[in-house]
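User: I am new to this structure and request a close look at a single part of it. Please set that part in its surroundings in one connected account.

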Amino acid sequence: MTVLTPSIDDIKASIDAALETLHAPLRKINREIWSNPETAYQEHRAHETICAFLESQGCTVTRQAYGLDTSFEAISGSGGRLINFNAEYDALPGIGHACGHNLITTSSVAAFLALSAVLKKYGIPGRAQLLGTPAEENGGGKAKLIEAGAYKGVDISLMAHAGPKKLFPGVDSDGVAGVLLNARKEIHCTFTGKSAHAGGNPWEGINALDALVSAYNNVAVMRQQMQPDERVHVAFLETPTVANVIPARTKAYWQVRSPTLKGLNRLMGKVRNCIEAGALSSGCKVEIVEDQLYTDIKINETLCERYATHMARYGRHITPSHDKVLTGSSDIGNVSYLIPTLHTTFAITDQEGSFPHHPSFAAAAGTDTAHDESVIVGKSLAMIGWEMLADDSLFELAKKQWEIAVGE
């Protein structure tokens with residue numbers, strides 16, 4: 001008996017049918033996560049909500065996966081290649097889900113369940129993995145998951161991030177499939193000096209605040225020599241609380257960003273020099289610790305093209321890619337150095353000035369319109385997953401493009 005390979009139209013119809021009955025429960029978990037924002041590695045409620053929902057759908061779920069309290073893993077199918085979907089659900093301090101991670105969860109859960117359904121229906125070899133990836137905003141959850149082996153054996157990684165319709169100046173579309181992101185790393189520094197009475201004998205003190213202020217000013221002066229897409233930000237973590245004591249200790253941490261790893265390493269060296277110069281000029285000692293590398297992202301043309309094609313089936317106009325760097329960073333970049341990866345964007349608002357990390361974007365991320373869009377995105381991701389399992393030539397093309405990109 002000859003078994004006919006289903007067409008992509010057949011797959012779309014099956015995916016649409018599989019998610020039709022899940023609209024209400026998907027909206028419920030989306031609302032639950034959005035209404036109860038939790039920051040990095042504190043996403044216990046979101047973790048429980050998602051895991052309980054998956055189990056209600058008959059999925060076998062590993063809670064606290066790979067040694068992280070708020071990570072989870074679900075796998076379906078058997079044999080063949082492995083398609084990974086990433087679910088982010090951490091929020092920002094003070095402004096909730098202003099980066100729309102509740103929608104990332106929704107699209108990835110929808111994609112996983114849809115792909116699982118068509119794999120079961122058509123019986124082809126292949127597996128789907130839904131990975132809960134905490135602490136994207138601050139904490140490098142995916143980097144820790146990589147170290148723990150969560151992506152071992154994965155062949156393709158897929159996810160989507162919400163954004164505005166005008167993600168770049170002059171670009172007004174329903175999303176951008178391939179978005180360049182900056183590489184990012186943190187520098188934590190502690191200045192140590194010597195206390196003294198600021199009024200009585202200040203000459204006997206060594207001022208750790210002077211060291212920190214000097215370092216800050218050094219970086220500020222350096223900015224005019226930085227590349228347009230490079231960024232350096234700082235937060236002062238420990239500073240004096242009284243004025244009449246020469247402070248013996250201050251702490252700060254810096255985020256350093258550049259479009260490439262090579263550029264990041266060069267800029268990191270300059271920032272270190274600025275910090276060390278602050279210590280030298282004040283007579284303080286400084287301890288410097290580098291942490292939390294988020295790499296730039298390797299764009300995969302095949303995955304971007306397939307996403308734009310499938311979103312067009314739902315009447316969406318997707319810009320395939322853009323050569324301007326979106327100056328944010330994400331730990332999905334680290335994944336893109338391991339395997340062919342899609343980190344696409346989809347539009348949820350056309351409000352002027354509404355952009356991720358702004359309170360107005362948090363409001364947009366909680367709407368029914370945004371939810372509906374995230375489900376359509378999930379359907380498109382599921383279709384890409386199907387193609388990467390069922391079409392050897394398409395998978396090999398994506399893999400070859402990735403090999404070339406990481407080799408550059």
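Analyst: The following account begins with one strand and proceeds outward from it.

The model is predicted, so local features require pLDDT of at least 70 and side-chain atom pairs pLDDT 80 or more, while totals for chains, interfaces and linings use all residues. Residues are numbered from 1 along each chain as its sequence is written, and side-chain values use heavy atoms, leaving out hydrogens and water.

The part chosen is strand S5, which spans residues 156-164. Helices (H or I, at least four residues) and strands (E, at least two) are DSSP runs numbered from the N terminus. Why is S5 described as largely enclosed by the rest of the structure? Nine of its nine residues are buried, so the strand is largely enclosed; buried means under 20% relative accessible area, exposed over 50%, and partly exposed in between, with a 1.4 Å probe and protein chains only. Ile156, Leu158, Ala160, Ala162 and Pro164 point one way from S5. Ser157, Met159, His161 and Gly163 point the other way, and the residues of both groups are buried.

S5 has a pairing partner in strand S3 (residues 82-87), to which it is joined in the parallel sense over three bridges. Two strands pair if DSSP finds at least two bridges between them. Within this pairing, Phe85 stands opposite Leu158 of S5. S5 is also joined to strand S14 (residues 341-349), by eight bridges, and these two strands run parallel. Here His161 stands opposite Thr345 of S14.

These pairings belong to an open sheet of six strands, in the order S1-S2-S4-S3-S5-S14, whose pairing is mixed. Its edge strands are S1 (61-63) and S14, each of which pairs on one side only. From one strand to the next, the twist averages 20 degrees. At the S1 edge, three bridges connect S1 with strand S2 (residues 72-78), and the two run antiparallel. Arg63 has Phe72 of S2 as its bridge partner.

The account now turns to the helices. Helix H4 (residues 101-122) packs with helix H3 (residues 44-56) at an angle of about 20 degrees, their axes being 12 Å apart. Axes are lines fitted to C-alpha atoms, for helices over the stretch in contact, and angles run from 0 to 180 degrees between N-to-C directions. The angle makes H3 roughly parallel to H4; angles under 35 degrees count as roughly parallel, over 145 as roughly antiparallel, 65 to 115 as roughly perpendicular and the rest as oblique. Ile50, Phe53 and Leu54 of H3 make the contact (heavy atoms within 4.5 Å) with Thr105, Val109, Phe112 and Leu113 of H4.

H4 also packs with helix H11 (residues 368-390), at about 40 degrees and with axes 7 Å apart. H4 is therefore oblique to H11. Residues making this contact include Ala110, Ala111 and Ala114 of H4 and Gly378, Leu381 and Ala382 of H11.

A further sheet is open and has four strands, in the order S9-S11-S7-S12, with antiparallel pairing. Strand S9 (231-238) and strand S12 (285-294) form its edges, each pairing on one side only. The twist in this sheet averages 20 degrees from one strand to the next. Strand S7 (residues 183-192) and S12 are joined by eight bridges and run antiparallel, and Arg184 stands opposite Tyr294 of S12. Helix H6 (residues 208-222) lies across S7, S9 and strand S11 (249-258), at about 15 degrees to S11. Helix H7 (residues 261-282) lies across S7, S9, S11 and S12, running at about 15 degrees to S7.

The cysteines complete the picture. How many disulfides does a search of the whole structure find? The search finds zero, a disulfide being a pair of cysteine sulfur atoms within 2.5 Å. For Cys51, the nearest cysteine sulfur, that of Cys59, is 10 Å away; Cys51 is buried, with a relative accessible area of 0%. The sulfur of Cys284 lies 11 Å from the closest cysteine sulfur, in Cys189, which is too far for a bond. Cys284 also counts as buried, at 9% relative accessibility.

One last residue is Asp323, placed in strand S13 (residues 319-326). Asp323 is exposed, with a relative accessible area of 69%. Its C-alpha atom is separated by 7.2 Å from that of Leu180, although the two residues are 143 residues apart along the chain.
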